[in-house]
Amino acid sequence: MNKKELFENIKHKKSFLCVGLDTDITKIPLHLQKDDDPVYAFNKAIIDATAEFCIAYKPNLAFYECEGNKGWISLKKTVEYIKSNYPDQFIIADAKRGDIGNTSTMYAQTFFEEMNVHSLTVAPYMGEDSVTPFLRYDGKWVILLALTSNKGSNDFQLTEDKLGERLFEKVLRISQNWGNDENMMYVVGATQGKMFEDIRRIVPDHFLLVPGIGAQGGSLEEVCHYGMNDMCGLIVNSSRAILYADNTNKFALKANEAASSVQEEMKFFLSKKGII
């Protein structure tokens, strides 16, 4: 999926919502626990309930890897279900990979060939040769960690060098030499608020993957005010607030309502920006 196709889908859906499939088996409604694959059964119901309101799904690999081979099977079935039934959805593997070049090459093969997702989150700390193997795939996207929403982001990401440049700014600036706004995005936490202005000064045209609204307390209004560009430029993720809106047999209906509510907000901000 290229940038134009992603933008067209945002306009069509009047949404830039990504539903995070951080599926915790301990939080799945009890009536699904008897299923042969409760994680997949839950994901399938959530996808069917929310697809009309979102433009992307983001399975978090940790929630699948912890289940061993069963988890990988659930993940692969989930990805295949999305691709078969909702081919307009942008699929993000939230794996935060990144290692020396030959290892990154194998990670890239795993996610872009074997699993065939559209994009992958990548940690840039090891530098160019750990990232470029992922950028060799036409039509695929690398989503680099830039400024995250967790408290520990202050430990490294906001530290300044002797010229006053913060580490996340260095990541944004230097990585421009590796890819472009047609194959590279950045993770920026919704809780960063006004910091989106600083980010947009360096990467005005790139899409940003924005986790942290809903349960983590990020403000969608602030994200849109400071981070939205003329092509929207945002993919805003919500996980727990949608997935676990209810834990009874009405969980899918409540997820539908939660996703619809976020989409209505997004529609307002897209209209305000003149995009729709």
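**Burial, strand pairing and side-chain contacts in the predicted model**

Phe-269 has a relative accessible area of 11% and is therefore buried. This value, like those that follow, comes from a predicted model. The ring of Phe-269 pairs with that of Phe-268 in an edge-to-face arrangement, with 5.2 Å from centre to centre and 70° between the planes.

In total, the structure contains seven aromatic pairs. Another of edge-to-face geometry joins Tyr-81 and Tyr-86, whose ring centres are 6.3 Å apart and whose planes meet at 65°. The angle of 65° places this pair in the edge-to-face class because that class begins over 60 degrees. The two partners differ in their cover: Tyr-81 is buried, with 13% relative accessibility, whereas Tyr-86, at 21%, is partly exposed. The limit for burial is under 20% relative accessible area, so the 21% of Tyr-86 puts this residue in the partly exposed class. Both tyrosines also belong to an aromatic cluster that includes Tyr-40.

The strands S3, S4 and S5 were examined next. Strand S3 spans residues 90-97 and helix H5 residues 101-114; together with S4, these elements make a β-α-β unit of right-handed sense. S3 and S4 run parallel and are paired over three bridges. Within this pairing, Ala-93 has Leu-120 of S4 as its bridge partner. On pairing with S5 (residues 141-147), S4 is again parallel, here over four bridges, and Thr-121 has Ile-143 of S5 as its bridge partner.

In a regular strand, side chains alternate between the two faces of the sheet. Strand S4, residues 119-122, is covered on both faces. Ser-119 and Thr-121 lie on one side, Leu-120 and Val-122 lie on the other, and all four are buried. Two of these buried residues, Leu-120 and Thr-121, also take part in the bridges described above, Leu-120 with Ala-93 and Thr-121 with Ile-143.

The loop between S3 and H5 contains Ile-100. This residue is partly exposed, since its relative accessibility is 43%. Ile-100 joins Tyr-125 and Met-126 in a nonpolar surface patch, and the three residues together have about 380 Å² of accessible area. A second loop isoleucine, Ile-213, is located between strand S7 (208-210) and helix H10 (220-227). With a relative accessible area of 9%, Ile-213 is buried. Its C-alpha atom is separated by 23 Å from that of Gly-274, a residue 61 positions away along the chain.

Side chains of opposite charge can pair when their charged atoms come close. The structure has 18 salt bridges. One of them links Lys-13 to Asp-88, with 3.2 Å between the closest N and O atoms. Lys-13 is part of helix H1 (residues 3-13), while Asp-88 sits in the loop between helix H4 (69-85) and S3, so this salt bridge ties together parts that are 75 residues apart in sequence. Lys-13 is buried, its relative accessible area being 13%, whereas Asp-88 is partly exposed at 28%.

A further salt bridge, between Arg-201 and Asp-198, has an N to O distance of 2.0 Å. Both residues lie in helix H9 (residues 195-202); because they are three residues apart, about one helical turn separates them. Arg-201 is exposed, with 61% relative accessible area, while Asp-198 is buried, with 15%.

The salt bridge of Glu-165 with Arg-173 has its closest N and O atoms 2.8 Å apart. Here Glu-165 is the buried partner, with a relative accessible area of 18%, and Arg-173 is partly exposed at 41%. Glu-165 and Arg-173 are also members of a salt-bridge network whose other residues are Asp-161 and Lys-170.

How values were computed: Residues are numbered from 1 along each chain as its sequence is written. This is a predicted model: local features need pLDDT of at least 70, side-chain atom pairs count only at pLDDT 80 or more; totals for chains, interfaces and linings use all residues. Side-chain values use heavy atoms; hydrogens and water are left out. Patches are made of residues with over 30% relative accessible area and no salt bridge: like charges are joined within 9 Å, nonpolar side chains (Val, Leu, Ile, Met, Phe, Trp, Tyr) within 5 Å. Accessible areas come from the Shrake-Rupley method with a 1.4 Å probe; for residues, only the protein chains shown count as cover. A salt bridge is a side-chain nitrogen of Lys or Arg within 4 Å of a carboxyl oxygen of Asp or Glu. Helices (H or I, at least four residues) and strands (E, at least two) are DSSP runs, numbered from the N terminus. Buried means under 20% relative accessible area, exposed over 50%, partly exposed in between (1.4 Å probe, protein chains only). Rings of Phe, Tyr and Trp (its six-membered ring) pair if their centres lie within 6.5 Å; planes under 30 degrees apart count as stacked, over 60 as edge-to-face and the rest as tilted. Two strands pair if DSSP finds at least two bridges between them. A crossover is right-handed if, with the strands pointing away from the viewer, the path from the first strand over the helix to the second runs clockwise.
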